[in-house]
Amino acid sequence: MKIVGLVGTIVGHKTRIAMDYMLTTLREKDPNVDASLIDLAEYNIRFSDGRNYLEYDGDTQFVAKSLMDADAIIIGTPVFQASIPAPLKNIFDLLPVNAFQDKIIGMIVTAGSPKHYLIAEQQLKPILAYMKAQMVQSYVFIEEKDFYQKAMINEDILFRISRLAEDTVVLTKTYAAIREEQEKAYGF
Amino acid sequence: MRKYRIDSSKGLEFGIYTLGDHLPDPVTGERISAEQRIHEIIEYAKLADQAGIDFFSVGESHQDYFATQAHAVVLGAIAQATKKIKIGSSSTIISTSDPVRVYENFATIDLISGGRAEIIAGRASRIGLFDLLGYNLRDYEELFEEKFDLLLKINEEEIVNWKGNFRAPLTNAKILPRPKNGSLLIWRAVGGTAASAMKAGYAGVPMFMAHLGGPAAIFKRTIDAYRESAQASGFDPAELPVTTAGFFYTAESTQQALRELYPRINEGMKKTNGQGFSKQLFAQGADPHSIINVGSPQQIIEKILYQYELFGHQRYIAQIDFGGMPFDKVMKNVEVIGTEIVPAIKKYTAKK
């Protein structure tokens, strides 16, 4: 099972901290999970110009292909201007319309203010739904006050991330099994 | 329709097209050489001709897993190898070609074949060829519109005076040779959307519509939009031919047909488009109202007749060889088309 963690911003550190913790948790829970992290800050990604994702080169193609090849994706995103960051939106624009068909997607959201707790609900989820993702309904929302000296100090957050890791793996396995059974029934 | 060399009284025309893809057969994992693939395509056209099929066309794609980038050259060989079948491109990417050279090529193919050549001009669904051939992707729309207009003008006028943005001007230019009957049938290639079809309609140009999957009724809307736009521009839709193009595969039973076709489509699309074809959607292809013509010969006949009733189109063309489909299976399909499917379709659609 391939799971890609995507840090959807090129600035800040909170999302990366949470995602690192998520990746460690995933690997601890299930050694069979092939978990990798893509931090957009470490890549030089082009703006989408509408071409097929196979036709980009360099980092852009690497990132697009890694996401397309994943069975599950955990998206980590901060909230900027009451919205998802532009680099993350660009990733969605680089991919085909049905890019997340048969993929499980979990979300971790960091924000400077609790007032942003519905941003993922109202902005991220509709995009993922349009792209045919099977979402893990509950996402983890993390505030500024949950961090201290580049670490997460709120036990509740750690528990939530642990549950999100578990749910993502379980749902990925479950949906694969459902799909397999359904496809077998077609008889071809 | 006479203008377009289509005799509706003989019923719906049946054609075959290939994109010239050069993919491994996912069932065996093996890929034939490009040389063999090109020879098989020429052989395919010969068999289609012998089977009494009306039309055969070859497309150009400038990317991995394709072999007919020089599709006009392949069509030249087909023109020589065949006798009666109409031949064309599916499609010629006019945006990244010089319309003068395209016209010279196809007028020549027309002379070699004794007046059987047609051009289907498209815009390319992939954009690698813009870099390869030295064009700017930002001009995607303008390149197509300008070059397509020039192509139509060359077809209509023996002496061309023309000025545009993407090619040197033409002053009293003679584009030679001229095709056998003075002009070629030129179609505009259209994806499934109504917006795309309307552009062909407004210009009063014959429409070649490709379709992947879904209910046939969806594509009826596209065809209606085409005809309404043509009417709004002062053209008579009854005089404008429509071709539909999509997946085709027949075997003894529908299950067998689905089983043999699906892996080729799914794996082939993964390689060429980066995404497979959902098995669930493909399973719906067995429905009599699906646009995918997959099934037993009798089921396919019923599907095509249903589509004919719905669309009132002039030609349907079948894509059979995609995704490394073994040639013996392609040949078997041509045989069944010639002996069972075409006779039945003609019988029901010809004017008595």
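**Close-up views of chains A and B**

**View 1. Strand S5 of chain B and the strands that pair with it.** In this predicted model, strand S3 (residues 86-89) of chain B and S5(B) are paired in the parallel sense over 2 bridges, and within this pairing Ile87(B) has Ala117(B) of S5(B) as its bridge partner. Strand S4 (residues 92-93) of chain B also runs parallel to S5(B), to which 2 bridges join it, with Ile93(B) standing opposite Gly122(B).

**View 2. The two faces of strand S5 of chain B.** Strand S5 (residues 117-122) of chain B is mostly covered, as 6 of its 6 residues are buried. One side carries Ala117(B), Ile119(B) and Ala121(B), the other carries Glu118(B), Ile120(B) and Gly122(B), and the residues of both faces are all buried.

**View 3. The packing of helices H3 and H5 of chain B.** Helix H3 (residues 99-113) of chain B packs against helix H5 (residues 140-156) of chain B at an angle of about 45°, their axes lying 9 Å apart, and H3(B) is therefore oblique to H5(B). The crossing of these two helices is right-handed. H3(B) contributes Pro99(B), Val100(B), Val102(B) and Tyr103(B) to the contact, while H5(B) contributes Lys147(B), Leu150(B), Leu151(B) and Ile154(B); of these residues, 7 are nonpolar, none is polar and 1 is charged.

**View 4. The surroundings of Arg160(A).** Arg160(A) is placed in helix H5 (residues 155-186) of chain A, and it counts as partly exposed because it has 17 C-beta neighbours inside 10 Å. Thr25(A) is 135 residues away from Arg160(A) along the chain, yet the C-alpha atoms of the two residues are separated by 11 Å.

Key. Residues are numbered from 1 along each chain as its sequence is written. Chains are lettered from A and ligands numbered from 1 in the order in which they are written. This is a predicted model: local features need pLDDT of at least 70, side-chain atom pairs count only at pLDDT 80 or more; totals for chains, interfaces and linings use all residues. Axes are lines fitted to C-alpha atoms, for helices over the stretch in contact, and angles run from 0 to 180 degrees between N-to-C directions. Helices (H or I, at least four residues) and strands (E, at least two) are DSSP runs, numbered from the N terminus. Angles under 35 degrees count as roughly parallel, over 145 as roughly antiparallel, 65 to 115 as roughly perpendicular and the rest as oblique. A crossing is left-handed if the near helix is turned anticlockwise from the far one by less than a right angle, and right-handed if clockwise. Two residues are in contact if their C-beta atoms, placed from the backbone, lie within 7 Å. Ala, Val, Leu, Ile, Met, Phe, Trp, Tyr, Cys and Pro count as nonpolar, Asp, Glu, Lys and Arg as charged, and the others, Gly among them, as polar. A residue is buried if 20 or more other C-beta atoms lie within 10 Å of its own, exposed if 12 or fewer, and partly exposed in between; C-beta atoms are placed from the backbone. Two strands pair if DSSP finds at least two bridges between them.
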